[in-house]
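Biologist: Could you walk me through this one at a first-year pace? I'd like to hear the reasons behind the labels.

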Amino acid sequence: MSETVETPLVPVEREVIDPDTYFDHNQPPKNLQWAHDKVKEFIAQQDSNRPIALVTSGGTTVPLENNTVRFVDNFSAGTRGSASAEQLLALGYVVIFLYRENSLQPFNRHYSHSAQGMLGYLTPDGKGGVKVKDEYASKVLVDLELCEKYKAQLLQVTFTTLSDYLFLLREISLILAPLGTRSMFYLAAAVSDFFIPSHNMVEHKIQSGTGDLTLRMNQVPKFLRPLVKNWAPACFVVSFKLETDPNLLAPKAKYALEKYGHQIVVANLLNTRKWQVWLITKHHDPFLLQIPLKELENGHDIEQDLVAELARRHKQYISGASETQ
Ligand code: PAZ
């Protein structure tokens with residue numbers, strides 16, 4: 001067997017990848033056609049007076065090999081996206097929930113990833129069956145009822161890799177585009193900024209045995225630009241910006257708005273994101289939304305306030321305001 005190790009380290013100059021050609025060089029996900037058909041059918045079934053939201057949620061993976069054994073991932077659990085989807089449904093929205101497989105889902109989010117596991121919620125009922133433990137029963141009942149109530153207004157579509165996400169985002173955007181201002185894009189997914197293009201990836205598992213591994217990753221093309229300009233130009237687009245350095249947050253959010261020309265950036269910091277966010281628009285000062293930590297501990301999600309505020313601004317946008325505030 002050869003001693004040479006295939007490696008994704010590519011000794012070339014900076015390769016700038018154009019968003020338009022990205023799709024010609026990467027593999028679409030297996031569920032693309034399914035998602036296309038389902039989204040079309042789903043939208044056709046909805047009351048045409050209802051606003052509709054595409055919520056993206058969770059983190060994308062970036063494979064290191066075409067036959068993927070290893071990949072780069074990120075921290076996002078999908079809390080923001082799944083909690084926001086619940087709030088949008090409560091406000092009368094129809095929701096397409098594009099989420100990372102195995103990340104948190106609306107109504108299930110309190111149970112699916114809990115440390116005690118599903119069995120921790122159950123107890124023998126004394127008659128040979130099982131029941132939900134008394135201390136959880138009322139909460140489980142509420143979530144069950146909500147899940148049932150909104151099931152016809154919620155469509156869930158999964159992605160895993162960055163490429164899956166981008167293909168599905170484009171596909172769903174093109175379907176939502178004709179709905180115009182009625183559609184809100186709520187782009188809360190944590191999408192990788194770096195990737196290895198398919199043609200630069202090794203085919204098989206990277207072999208160890210020849211020392212350290214150095215990766216060269218390309219910058220992911222900025223897909224917000226074609227989304228806003230070409231795929232869904234009249235829709236209300238809310239993007240999210242995450243930083244860890246507070247000094248970078250506002251300038252980078254403003255820069256994104258100027259560059260892509262969409263409506264709102266929700267800016268948040270990694271360590272405070274559950275109780276503090278800023279809404280950034282082009283011509284106004286950042287609008288701070290925050291909840292006291294006590295309320296967070298008592299189960300008040302900041303997404304309740306965030307989604308209410310965004311829905312209010314979306315309504316203004318639908319009614320023709322040039323800029324929302
Ligand atoms: O998924 P989560 O609730 O753990 O985190 C939410 C979030 C921080 C990923 C989201 O609020 C966000 O900022 N998304 C965009 C991240 C970015 O690409 O900048």
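Biologist: Which residues in α3 are buried?

Modeller: In α3 these are R80, G81, S82, A83, S84, A85, E86, Q87, L88 and L89. Buried means under 20% relative accessible area, exposed over 50%, and partly exposed in between, with a 1.4 Å probe and protein chains only. Keep in mind that this is a predicted model, where local features need pLDDT of at least 70, side-chain atom pairs count only at pLDDT 80 or more, and totals for chains, interfaces and linings use all residues. Residues are numbered from 1 along each chain as its sequence is written, and side-chain values use heavy atoms, leaving out hydrogens and water.

Biologist: What makes α3 largely enclosed by the rest of the structure?

Modeller: 10 of its 12 residues are buried, so that's the label α3 gets.

Biologist: How do you know that the span of α3 agrees with what it should be?

Modeller: Helices are DSSP runs of H or I with at least four residues, strands are E runs of at least two, and both are numbered from the N terminus. The expected span is 1.5 Å times one less than the number of residues. For the 12 residues of α3 (79-90) that gives 16 Å, and the end C-alpha atoms sit 17 Å apart, so it agrees.

Biologist: Why is N102 called exposed?

Modeller: N102 has 64% relative accessibility, so it counts as exposed. N102 lies in the loop between β4 (94-100) and α4 (109-112).

Biologist: And why is F107 called buried?

Modeller: Its relative accessible area is 4%, so F107 is buried. F107 is in the loop between β4 and α4, and has a positive phi of about 70° without being a glycine.
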